[in-house]
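Biologist: Hi! Could you walk me through this one? I'm still new to reading structures.

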Protein chains: 2
Amino acid sequence: MKLPNFKKYLIEKGGLSEDDFNQIRSFIQTKNVSQNQFLLSQGAVCSHFFFVEYGVLRFYALNSEGKENILQFATENWIVSDRGSVFYQEPSTYNIDAIEDTLTVMLDENFVNEVAKVNPNFRKQNEILLHNHIRHLYKRISLLLGASAKVRYLDFVNTYPDIMLRVPQWMIASYLGITPESLSRVRKTLAKENFKA
Amino acid sequence: MKLPNFKKYLIEKGGLSEDDFNQIRSFIQTKNVSQNQFLLSQGAVCSHFFFVEYGVLRFYALNSEGKENILQFATENWIVSDRGSVFYQEPSTYNIDAIEDTLTVMLDENFVNEVAKVNPNFRKQNEILLHNHIRHLYKRISLLLGASAKVRYLDFVNTYPDIMLRVPQWMIASYLGITPESLSRVRKTLAKENFKA
DNA sequence: TTCACTTCTTATCATAGGTCAATGCACAAC
DNA sequence: GTTGTGCATTGACCTATGATAAGAAGTGAA
């Protein structure tokens, strides 16, 4: 099983050596998800974190009227999961499905512990990654609280130009918290403005 | 320096023993902030995490028009900080000030390392707390994406009944991403509904 | 080719929530 | 007492975005 991205991630972000990586190879479990298949469905208990080796996942909730709210896209090198479900064995209120055919590495609490045994530094690195994640979420909340649909869209385009190209526009609208129609309008006015400038 | 909440936190949530706590006493630094004083101002580098021993802090951003968006309130036993600033020495884009006179414990990266030396289990516990934090942020994002002002307000009241009583209403409006006028109207309709029921 | 299906756009109308301005309270300072 | 300052409420109006419905363009299967 070749997992170039996962290996690179553990070495560059996790602080592991090539050797360390070889030692943990046996713990690695992967899972394929084809397009439109679910990795996690509302109501199920989520037992793993999913690292995306290749492909695109979406992580979303359904609100009381059944509307999908996309909380996160996950492309290569991202990790998604319902953390509450992993740590407390609660049924999840979220869904994860695949936007493209995707290969994931399944990580659980035990995996982190095993890696930490091989290289104790990993835990520290992992902590920094978690803080980083929190930071991104605060930025997102900040935009949702105080920025117009247009500003949020522009930020998305700048932050995730790659995702832009791989997911349909209506999903981006959902991620931004607006309707596809509104996003269409935002794009139209932006196009006009650029034409003038 | 008596820090009953901080001690309790490290023992209950951090997995430390009474003994462990006594060993790290010497690393503990505290800071008092009186009402309306700043703990962090936009543009400064934030070097610490702040644990609230008593009091209330608010963590907020200013949007492009200068409007405050409150990202987080922190009462007893909460930790706030601009994580990007702590880990990467970047100037912060956020502000933290005190809503009540507050006593904080100042934590930095080194603190975590020292505690982990005394009790290696701490790092693992800390990781779980971080995951929990992430979970709460996703819930918040989910509400901002898909719930009306009324629903968000009701959720706030249920989740943070204590904070309700300690911060002015216009700050709650800011936390919810609406104007004080709108919150006033939401409360009015809720009052009517309760009267009928 | 046609048909079905999805995505994106456009137009019209509806509404939640924003903006602005006035009023009413507390509470503190004097 | 008076004056001021900050907060909550209310009302009149405005606007960004939602809802609905209809078309247009792309894609893939039969």
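Modeller: Happy to! Let's begin with helix α8 of chain B, where the buried residues are I172(B), A173(B), S174(B), Y175(B) and L176(B). Keep in mind that this is a predicted model.

Biologist: Cool. What happens just after α8(B)?

Modeller: There you meet G177(B), and its phi is positive, at about 85 degrees.

Biologist: And which strands does α8(B) lie across?

Modeller: This helix, residues 169-176 of chain B, lies across β4 and β5 of chain B. Its direction is at about 105 degrees to β5(B).

Biologist: Okay, tell me about the sheet those strands sit in. What's the strand order?

Modeller: The order is β2-β7-β4-β5 in chain B, an open sheet of four strands with antiparallel pairing. At the edges are β2 (38-40) and β5 (68-74) of chain B, each of which pairs on one side only. From one strand to the next, the twist averages 30 degrees.

Biologist: How many bridges join β4 and β5(B)?

Modeller: Six bridges, in the antiparallel sense, with β4 of chain B covering residues 57-62. To pick out one pair, F59(B) has Q72(B) in β5(B) as its bridge partner.

Biologist: Which helix of chain A packs on the sheet?

Modeller: That's α5 of chain A, residues 121-146, which touches β4 and β5 of chain B. The direction of this helix makes about 130 degrees with that of β5(B).

Biologist: So how many residues does each chain put into the contact?

Modeller: Chain B gives 27 residues and chain A gives 27 residues. On the chain B side, β5, α3 (83-88) and α5 (121-146) each supply at least two. The most comes from α5(B), with 17 residues. Sorted by class, that side of chain B has twelve nonpolar, nine polar and six charged residues.

Biologist: Switching topic: which residues are closest to DNA strand C?

Modeller: Of the 16 residues that surround DNA strand C, the closest are Q169(A), S184(A), A149(B), I178(B) and S182(B).

Biologist: Nice. Where does the largest share of that surface near DNA strand C come from?

Modeller: From α9(A), which provides six residues. The surface splits into five nonpolar, five polar and six charged residues.

Biologist: Last one! Where in chain A is confidence lowest, and where is it highest?

Modeller: Helix α9 of chain A, residues 180-196, is lowest with a mean of 88, while helix α8 of chain A, residues 169-176, is highest at 98. For chain A as a whole, the mean pLDDT is 94, and 98% of the residues reach 70 or more.

Definitions and conventions
Residues numbered from 1 in each chain as written. Chains lettered and ligands numbered in written order. Predicted model: local features only at pLDDT ≥ 70, side-chain atom pairs only at ≥ 80, totals over all residues. Pairing = 2+ DSSP bridges. Axes fitted to C-alpha atoms, helices over the stretch in contact; angles between N-to-C directions. Contact = placed C-beta atoms within 7 Å. pLDDT = per-residue confidence, 0-100. Near = placed C-beta within 6 Å. Nonpolar A, V, L, I, M, F, W, Y, C, P; charged D, E, K, R; others polar. Buried ≥ 20, exposed ≤ 12 C-beta atoms within 10 Å, placed from the backbone.
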